[in-house]
Number of protein chains: 2
Amino acid sequence: MSRREFLKKTGAVALGATALPAPKAWAGEGKFVWNMVTTWPPNLPVLQTGAQRFAERVREMSGGRLRIQVYAGGELVPAMGVFDAVSGGTVQLGSGASYYWAGKVPAAQWFTSVPFGLNAQGMNAWLGNGGLQLWEDIYDPFNLVPRPFGNTGMQMGGWFRSEINALADFKGLKMRIPGLGGKVVAMAGGTVVLLPPSEIFPSLERGVIDATEWVGPMHDLRMGFYRAAPYYYYPGWHEPGSCLELLINKKAYLSLPKDLQVLLDTAAMECNIWTLNEFEAGNGAALVELVESHQVQLRRFPDVLLARLKQLAAESLAEEAARDKASQRVHAAFEKFRKKIAGWGTLSEKPYYDFIA
Amino acid sequence: MSRREFLKKTGAVALGATALPAPKAWAGEGKFVWNMVTTWPPNLPVLQTGAQRFAERVREMSGGRLRIQVYAGGELVPAMGVFDAVSGGTVQLGSGASYYWAGKVPAAQWFTSVPFGLNAQGMNAWLGNGGLQLWEDIYDPFNLVPRPFGNTGMQMGGWFRSEINALADFKGLKMRIPGLGGKVVAMAGGTVVLLPPSEIFPSLERGVIDATEWVGPMHDLRMGFYRAAPYYYYPGWHEPGSCLELLINKKAYLSLPKDLQVLLDTAAMECNIWTLNEFEAGNGAALVELVESHQVQLRRFPDVLLARLKQLAAESLAEEAARDKASQRVHAAFEKFRKKIAGWGTLSEKPYYDFIA
């Protein structure tokens, strides 16, 4: 592929010619040099650093036979060009979240997180029991193999410049909230605004938007939102356990010997749980810092409001699922599994969280 | 080591001489043939089958360079001889739960589960953020390297022949409940009975014991306890997220090239999450079956009783921790981490479980 074609195909940002890696998978003698692009900013803790940690682990485990060079969003292709770059074979690996590709593959949204859906433990259990097979089916036409690659855990509900006491308070509210959660906010009368990460803080500070969600305490603290909006709401009903993804170019995957295929799968699963561990521990510490050092005012969405949002979410999901056969199939499987484990959750983790305080 | 020494050292059950594998780690040409003993009955779902699945994955990932032969409890050494067999180098790998070795290493108990302690997500986060380093320190004098190797998730409170409405109902109650949970039941006035797995059902059926805990719906269903006791209590306050362990003989571990060391670690972590996934999905389905097909009567321990048990657990843990320096150190680290993430759990997973029903 010529440099011109490469740039055209991936929409790569301008880079010095020397910065462009050779797009070859094969480095001779049973050795592979692969490139990985992510949707994350450089050095973003846990997400980008996790991708780098993964690459290092794969190198160690393979005795140097599989080397992965990791590029942050925009370094080689734009963040939102990751799917196409891996699908088209420009690079072999990508990392992001499947709901970024909703415009291309609506059914992909269910594999990140669903409003009032499954938490991290539930997502992992679903993916391990039929969910991943479905995900593979959905991505197969794109020459992609997906792997769960991390989970943020339960997120926070977002930062608000004014209090939210009832559904009516969403009326006219300008909120940065992507994905299926954004659809629910729109149904509630809000105006959904999508902004690149770097523009969220100034927009919130200047009142261009009234609210934003991001991830959880650890990453929200880093973004400084506490300086722009006083109320920090929970729970993050819109993303109860967002699963991140590793995208593997299927042709490249199949070109690997079997041992390196299983090694890659296993290293991805290790990254999956490592990421959740980092979020769980990091959020715990950051929450204390937000409250104690920055006097953030925590607010819980009222139960009546949550019940209404849950109804809207169910309507919204049914609408989304009706858009194509693949979404319908994934939605049905997701709901079946969610209902299957809900009773068990009520008897196990629910009372656990009742006694931790 | 002679066969006589082998039997003496490990307390192995009598086996035909031909059944004893050669205890060699090295099979020449960079290849390793290792033996693994577990504490589980043959074919025990998820636990024993998970160990076999792990061995197969390691074989695949290593391109056949590391082959592991798995033996169930009693096949090569008695279930309770696993720690000594791996520590002494008779075999290279073992699998069980660290609280089985409480008599030898009291501090080991914290790495399985602590009454009113951490759930699976909390245990994983702790082990990933300092806990594993402590565990390694505790096992180092025994020439052992520990790795988390699965988690049962939150357990059930047990099967009771009569209802439990208050702490007084534990008075004189004969219950099969091992570990730190058993100490709490004893403090509440109960009589703790320890029985091998095969004797639990008949003892419960004949009224030799009044109650037993086991694991959760999936494994409890298989044991048939619903035919011997009508009341199935929750939550499993005594084991909120039991972590299973992989034991690696340290000398054998260090004899591996670096790539196989990291490969083994990574495969163990994959097994860790796979196990939890299987429990989460399997318990969901088994609970429905227990209630719908076997008319099991679910009972929740009253909140007042749980609050009293929690007080007793705190006293019991403080007493245990005071027994030696290592326990004191582990207990302090565990409590520090538990408190660090408790606030976050209250804002994240707690409200999640409030809206799943």
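**Two copies about an axis**

Student: What turn and shift lay chain B on chain A?

Tutor: In this predicted model, chain B can be laid on chain A with an RMSD of 0.0 Å by a turn of 180 degrees and a shift of 0.0 Å along the axis, the copies being superposed by least squares on the C-alpha atoms of residues with pLDDT of at least 70 in both.

Student: Why is this called the relation of a two-fold axis?

Tutor: The turn is 180 degrees and the shift along the axis is 0.0 Å, and that is the relation of a two-fold axis. Of the residues of chain B, Glu270(B) comes closest to that axis, with its C-alpha at 2.9 Å.

Student: What makes residues of chain B count as in contact with chain A?

Tutor: Two residues are in contact if their C-beta atoms, placed from the backbone, lie within 7 Å; by that test, 59 residues of chain B are in contact with 58 residues of chain A. Helix 9 of chain B gives the largest share of the side that touches chain A, 19 residues, where a helix is a DSSP run (H or I) of at least four residues, numbered from the N terminus.

Student: How do you know that the same surface serves both copies?

Tutor: Of the contact residues of chain B, 98% recur in chain A.

Student: What is the predictor's confidence in chain A?

Tutor: On the pLDDT scale, from 0 to 100 for each residue, the mean of chain A is 92, and 92% of its residues reach 70 or more. Over residues 1-20 of chain A, however, the pLDDT is below 50.

Conventions: Residues numbered from 1 in each chain as written. Chains lettered and ligands numbered in written order. Predicted model: local features only at pLDDT ≥ 70, side-chain atom pairs only at ≥ 80, totals over all residues. Helix = DSSP H or I, 4+ residues; strand = E, 2+ residues; numbered from the N terminus.
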